[in-house]
Amino acid sequence: MDNTTLLNSISYRARALEASKIREVAELGMKQDGVLPLWFGEGAWPTNSLIVDAAIAALKAGNHMYQPNNGAMALRQAICAYSNELLGSRLKPAQVTVTPSGMQGLMLTAEFLVTPGDRVVTVEPGWPNIIGAFKATGAEIASVAIAPKGGHWALDVEELIAALTPGTKAVVINSPNNPTGWTMPTEEQRLVLEHCRRHGIWIVADDVYSRLYRHGRHAPSFLSMAEPEDLLVSVNSFSKCWSMTGWRLGWITAPAAFEAKLGQLTEFNTSCTAGFVQEAGIAALRDGEAEITSLLSKIQAGYEMTAERLSAFSRVEFIEPDGAFYCFFRVEGLTDSFAAAGEILEQTKVGLAPGVAFGPQGEGYLRLCYAQPADVLEEAFVRLEPFLSK
């Protein structure tokens, strides 16, 4: 049986999926020595020992068994306490479902909401996995552009609301945004929420970078203004602000009426999240605030160096991010960012993500993750100088 016949035997949704261009570049780089990997959304620092020790203690205590589909009640309660203190929300455990990663939370959300053919609106440039999850479940995607304005990233909220026509199933808003760092202001979130209430449109808030916000303790959040019955799903993760990318632990916040359904979907996907990993999550929420403060200080130092160095290159248009830990910068004359990322990798051994990976609006840009120590960033810019100056 040839490859074409094999491909035709699987679902049309699976056939339509495209490979991540970020991953394609990274796979090339992982085969080489001496590469500085700035392509993924991952900080350079290991998980704090207090979190690691909690997982080890749970394993030693025999926490090896199946867990409840929606997550251990102790972690669900801890997430509620954390969110309510941070955001002023009024969450209850029935609104929280623990997931093995924020990405799994997005996929569960897409499976929960989408009937094939449903219209889902998102913003671009955007993390390709978000669109991929909704495409995989059969959604028809429409997008609204984030664009540079006065040295910052901005979205025309009136354009977004105009795109949320009656019959639209959901709008997906990643704020702070990957890759741009754009963050939706509170007043714009309120306009979107009120519009979606009127038309019965779900809001899916990807809040994974909510603590990595440069202008406050947390980014503006729909959870701070929503009512318990609002058609709102928030997806979050322990990966970024607690340096736990490899642990694969996240959570969904949704109306309590859907607790059982989300538990059923979890049962048919992964059954549950590992208990000892959930214990690590409890420790992070209970004792890890100082870890976030420390990480933010490191990230700010990386941002300041990156902003200074990128701004000095004549070919680079530096656009200030409000959150996350990326710089998404335009390079004059760059028309094929995927090829350019490969060329940069080959010539300089610096791994960057191609802008086109984040949608057509991203062509001409490159993404650099600045959550790195100063010596790594300094070496990266020395290596990049010939490419970004020529």
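This passage describes selected helices, strands and residues of a predicted model.

The packing of two helices is considered first. Two packed helices are described by the angle between their axes and the distance between the axes. Helix α4, which spans residues 49-60, packs against α11 at an angle of about 145°, and the axes of the two helices are 8 Å apart. The crossing of α4 over α11 is right-handed. On the α4 side, the contact is made by Leu-50, Ile-51, Ala-54, Ala-55, Ala-58 and Leu-59. These residues meet Phe-276, Glu-279, Ala-280, Ala-283, Ala-284 and Asp-287 of α11. By residue class, the contact of α4 with α11 comprises 10 nonpolar and 2 charged residues, with no polar ones.

Helix α11 covers residues 275-287 and also contains Gln-278. The relative accessible area of Gln-278 is 1%; because buried means under 20% relative accessible area, Gln-278 is classed as buried. A polar atom of the Gln-278 side chain lies 2.8 Å from the backbone nitrogen of Ala-72. When residues up to four places away in sequence are not counted, Gln-278 touches Gln-67, Gly-71, Ala-72, Leu-75, Val-98, Leu-249 and Thr-273. Ala-72 therefore appears both as a residue touched by Gln-278 and as the owner of the backbone nitrogen found 2.8 Å from a polar atom of that side chain.

A further region of interest is the loop between α5 (73-87) and β2 (96-99), where Gln-95 is located. Gln-95 is buried, at a relative accessible area of 10%. Leaving aside neighbours within four places in sequence, the contacts of Gln-95 are Arg-90, Pro-228, Ile-252, Thr-253, Ala-254, Pro-255 and Ala-256. Ala-94 is placed in the loop between α5 and β2 as well. With a relative accessible area of 26%, Ala-94 is partly exposed. Outside its neighbours within four places in sequence, Ala-94 is in contact with Arg-76, Ala-256 and Glu-259. Ala-256 is thus a contact of Ala-94 and of Gln-95. Although Ala-94 and Ala-257 are 163 residues apart along the chain, their C-alpha atoms are separated by 8.1 Å.

Strands β4 and β5 form a hairpin with 2 residues between the strands. Within this hairpin, Gly-150 adopts a positive phi near 60°. The two strands run antiparallel and are joined by 4 bridges. Strand β4 extends over residues 140-149 and includes Ala-147, which stands opposite Ala-154 in β5. Ala-147 is partly exposed, with a relative accessibility of 34%. Apart from residues up to four places away in sequence, Ala-147 touches His-152, Trp-153 and Ala-154. The C-alpha atoms of Ala-147 and Leu-285 are separated by 35 Å, the two residues being 138 residues apart along the chain. Strand β5, formed by residues 152-155, has Trp-153 and Leu-155 on a covered face, whereas His-152 and Ala-154 lie on an uncovered one.

The model also contains an open sheet of 4 strands. Strands of a sheet pair through backbone hydrogen bonds, either parallel or antiparallel. The strand order in this sheet is β10-β11-β14-β13, and the pairing is antiparallel. The edge strands, each pairing on one side only, are β10 (316-317) and β13 (353-354). Strand β10 is joined by 2 bridges to β11, which comprises residues 326-331; Val-316 stands opposite Val-331 in β11. Strands β11 and β14 are paired over 5 bridges, and Arg-330 faces Tyr-365 in β14 as its opposite residue. The pairing of β13 with β14 involves 2 bridges, with Arg-367 of β14 as the bridge partner of Ala-353.

Strand β14 is largely enclosed by the rest of the structure, because 5 of its 5 residues are buried. In a regular strand the side chains alternate between the two faces of the sheet. In β14, Tyr-365, Arg-367 and Cys-369 point one way, while Leu-366 and Leu-368 point the other way. Helix α13, which consists of residues 337-348, lies across β13 and β14 (365-369) and runs at about 50° to β14.

Definitions and conventions. Residues are numbered from 1 along each chain as its sequence is written. This is a predicted model: local features need pLDDT of at least 70, side-chain atom pairs count only at pLDDT 80 or more; totals for chains, interfaces and linings use all residues. Side-chain values use heavy atoms; hydrogens and water are left out. Buried means under 20% relative accessible area, exposed over 50%, partly exposed in between (1.4 Å probe, protein chains only). A polar contact is a pair of N or O atoms within 3.5 Å; within protein, one must be able to donate a hydrogen and the other to accept it, and residues adjacent in sequence count only if both atoms are side-chain atoms. Contact means heavy atoms within 4.5 Å. Axes are lines fitted to C-alpha atoms, for helices over the stretch in contact, and angles run from 0 to 180 degrees between N-to-C directions. A crossing is left-handed if the near helix is turned anticlockwise from the far one by less than a right angle, and right-handed if clockwise. Ala, Val, Leu, Ile, Met, Phe, Trp, Tyr, Cys and Pro count as nonpolar, Asp, Glu, Lys and Arg as charged, and the others, Gly among them, as polar. Two strands pair if DSSP finds at least two bridges between them.
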